[in-house]
Structure formats: structure tokens, C-alpha cells
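User: I would like to learn how to read a structure like this one, feature by feature. Please give me the general idea each time, then the case at hand.

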Amino acid sequence: MKILSLIFLITLVGCGGPEARRPVEVKSGSFFRQSVKRSKELLAKEEKLLQDLMAKDTLHEYTHSASGSWFFYEVKNESADYTAQPDDLVIMSYNIVSLKNDTIYSMDDIGTLTYKVDKQDLFPGLRNSVKMLKEGETATFLFPSSLGYGYHGDNDKIGINVPFKVTLSVFKIEKNQELVE
């Protein structure tokens with residue numbers, strides 16, 4: 001009788017079903033929180049650097065863009081009213097200069113580009129800036145590293161987390177023919 005009770009008890013306990021496995025490592029999300037904190041601190045430091053640079057530049061009046069850059073016009077086209085839209089072709093040139101005015105890439109290095117708006121690869125700040133200028137305009141933009149080449153750099157002359165200046169000239173905007181018709 002004891003053996004039968006023991007077998008019944010083992011069978012009853014053994015039929016409890018499978019137990020869920022627990023993860024070997026518990027992720028708390030602290031890595032992502034620390035990464036966000038570092039990024040915010042870096043952006044605040046770079047924005048202070050850019051603010052100081054603008055304060056010293058008494059010749060130009062800077063405007064803050066919605067994308068997070070600062071800029072001033074070197075040549076403004078009051079007669080034009082159209083800015084580039086997605087899928088338009090923009091003929092342009094630009095240079096990249098350090099915040100100490102050392103040339104990183106000259107306009108000659110880069111050359112004149114034909115850029116299909118939002119369809120070709122440019123760094124984020126330049127992608128946004130092209131859509132702000134009209135035909136015949138030239139402006140100088142100050143970019144924090146997050147709008148430049150970020151934590152990776154460009155694998156050539158621009159290092160990790162480097163803010164810089166860009167002078168962008170838009171020569172011609174060819175409207176997307178699908179929208180014109």
C-alpha cells in the first residue's frame with residue numbers, strides 16, 4: 001500500500017507540466033540608459049562649443065534650424081520662393097571646415113554634385129540643409145557631430161564625434177517631373 005501511495009504521489013507531482021526556463025542573464029536596460037546619457041552630455045557640450053563660436057562671430061546673424069543646426073546666409077535669393085522637395089534634383093557644391101576654420105574637404109575636393117533629394121546618401125545635416133536653401137543661395141551651417149558623421153566618423157578625414165562647418169551653395173533645383181505634370 002505504501003508503494004502504491006508513493007507511485008500515486010510521484011505521478012501527481014510529475015504531472016505539473018513543464019516549467020518555463022528563466023533567462024541566464026537579466027537585461028536591465030542600463031546600457032541603453034547610459035548610452036542615451038552619454039549622447040545627451042556630448043550634444044550639450046557641442047552645443048555650448050557652437051554657441052561660444054557664434055557669440056565670437058559678430059559679423060553674422062545665426063538662425064537655429066528645426067533640425068538642430070545653426071546657419072547664416074552668405075548669399076540670399078529674395079526673388080526665389082521654391083526650396084527643394086523630395087525627388088527633386090539639386091545641383092550644388094559644399095565644403096567641410098573644422099570649427100577652427102581648417103579645411104577638411106574643399107569644394108574642389110568634393111566637386112559639383114547632382115543630388116536627388118532624400119534619395120541619395122548624404123550625412124543628416126546636409127540632407128536637411130539642402131531642403132532649406134533656394135536656387136542661387138549660399139549658407140554656412142554649423143553642425144553638432146550627431147548631424148555630421150557621428151560616433152563613426154567618415155573613415156577618412158573626419159574623426160569620431162567631430163562637429164564642423166559646411167558652406168553649401170545651391171546652383172539649380174530641377175523639380176521632380178512627376179509632380180510638375
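**A buried serine**

Analyst: Ser145 counts as buried because its relative accessibility is 2%, and buried means under 20%. Keep in mind throughout that this is a predicted model.

User: Where is Ser145 placed?

Analyst: Ser145 lies in the loop between β6 and β7.

User: Which residues is Ser145 in contact with, leaving aside its neighbours within four places in sequence?

Analyst: The list is Leu42, Glu46, Gly150, Asn161, Val162 and Pro163. With Glu46 there is also a polar contact, side chain to side chain, at 2.7 Å. Sequence separation and spatial distance are separate readings: Ser145 and Gly159 are 14 residues apart in sequence, with 9.7 Å between their C-alpha atoms.

User: Now the strands. How many bridges join β2 to strand β6, and in which sense do they run?

Analyst: There are 5 bridges, and β2 and β6 (residues 138-143) run antiparallel. To fix the register, take a bridge and name both partners: Val75 has Thr138 of β6 as its bridge partner. β2 (residues 70-75) also pairs with β1 (residues 63-64), again in the antiparallel sense, over 2 bridges. There, His64 has Trp70 of β2 as its partner. The hairpin of β1 and β2 has 5 residues between the strands, and Gly68 in that hairpin takes a positive phi near 110 degrees.

User: Which strands pair with β3?

Analyst: Take the partners in turn. β3 and β7 run antiparallel and are joined by 9 bridges. β3 and β5 (residues 113-116) pair in the antiparallel sense over 4 bridges. β3 and β4 (residues 103-105) run antiparallel with 2 bridges. Val97 is a useful residue to follow: its bridge partner in β7 is Lys165, and in β4 it stands opposite Thr103. For the register with β5, Met92 has Leu113 as its bridge partner. β3 and β4 form a hairpin with 5 residues between them, and Asn101 in the turn has a positive phi of about 70 degrees.

User: Why is β3 described as largely enclosed by the rest of the structure?

Analyst: Because 7 of the 9 residues of β3 (residues 89-97) are buried.

User: What does the largest nonpolar core look like, and which residues have the most contacts inside it?

Analyst: The largest nonpolar core has 25 residues, and those with the most contacts inside it are Met92, Tyr94, Ile96, Leu126, Val130, Val166 and Leu168. Two or more residues each come from β3, β4, α4 (124-130), β6 and β7. β7 gives the largest share, 5 residues. Ile96 shows the surroundings of one core residue: beyond four places in sequence, Ile96 touches Thr103, Ile104, Tyr105, Phe123, Tyr149, Ile158, Phe164, Lys165 and Val166. A second, separate core has 7 residues, including Leu50, Tyr62, Trp70 and Phe72.

User: β7 has come up several times. Is Thr167 buried or exposed?

Analyst: Thr167 counts as buried because its relative accessibility is 15%. Thr167 is in strand β7 (residues 164-174). The side chains of Thr167 and Thr140 are joined by a polar contact of 3.0 Å. Among the residues that Thr167 touches are Glu74, Tyr94, Met107 and Thr138, with residues up to four places away not counted.

User: How do I read a pair of aromatic rings?

Analyst: Two values describe such a pair: the distance of the ring centres and the angle of the planes. In this structure, a search of the whole model finds 11 aromatic pairs. One of them, Phe31 with Phe32, is edge-to-face, at 5.5 Å centre to centre and 75 degrees between the planes. Phe31 counts as exposed because its relative accessibility is 54%, and Phe32 counts as exposed at 59%. Elsewhere, Phe71, Tyr73, Tyr94, Phe123, Phe141, Phe143, Tyr149 and Phe164 form one aromatic cluster.

User: Which charged ends sit over rings?

Analyst: Lys76 has its charged end over the ring of Tyr73, 3.9 Å from the ring centre. Lys175 has its charged end over the ring of Tyr82, 4.5 Å from the centre.

Note on methods. Residues numbered from 1 in each chain as written. Predicted model: local features only at pLDDT ≥ 70, side-chain atom pairs only at ≥ 80, totals over all residues. Heavy atoms only, no water. Buried < 20%, exposed > 50% of the residue type's maximum accessible area, 1.4 Å probe, protein only. Polar contact = N/O pair within 3.5 Å; in protein donor to acceptor, adjacent residues only side chain to side chain. Contact = heavy atoms within 4.5 Å. Pairing = 2+ DSSP bridges. Phe/Tyr/Trp six-rings, centres within 6.5 Å; stacked < 30°, edge-to-face > 60°. Lys NZ or Arg CZ within 6 Å of the ring centre and 35° of its normal. Core = buried A, V, L, I, M, F, W, Y, C linked by side-chain atoms within 4.5 Å.
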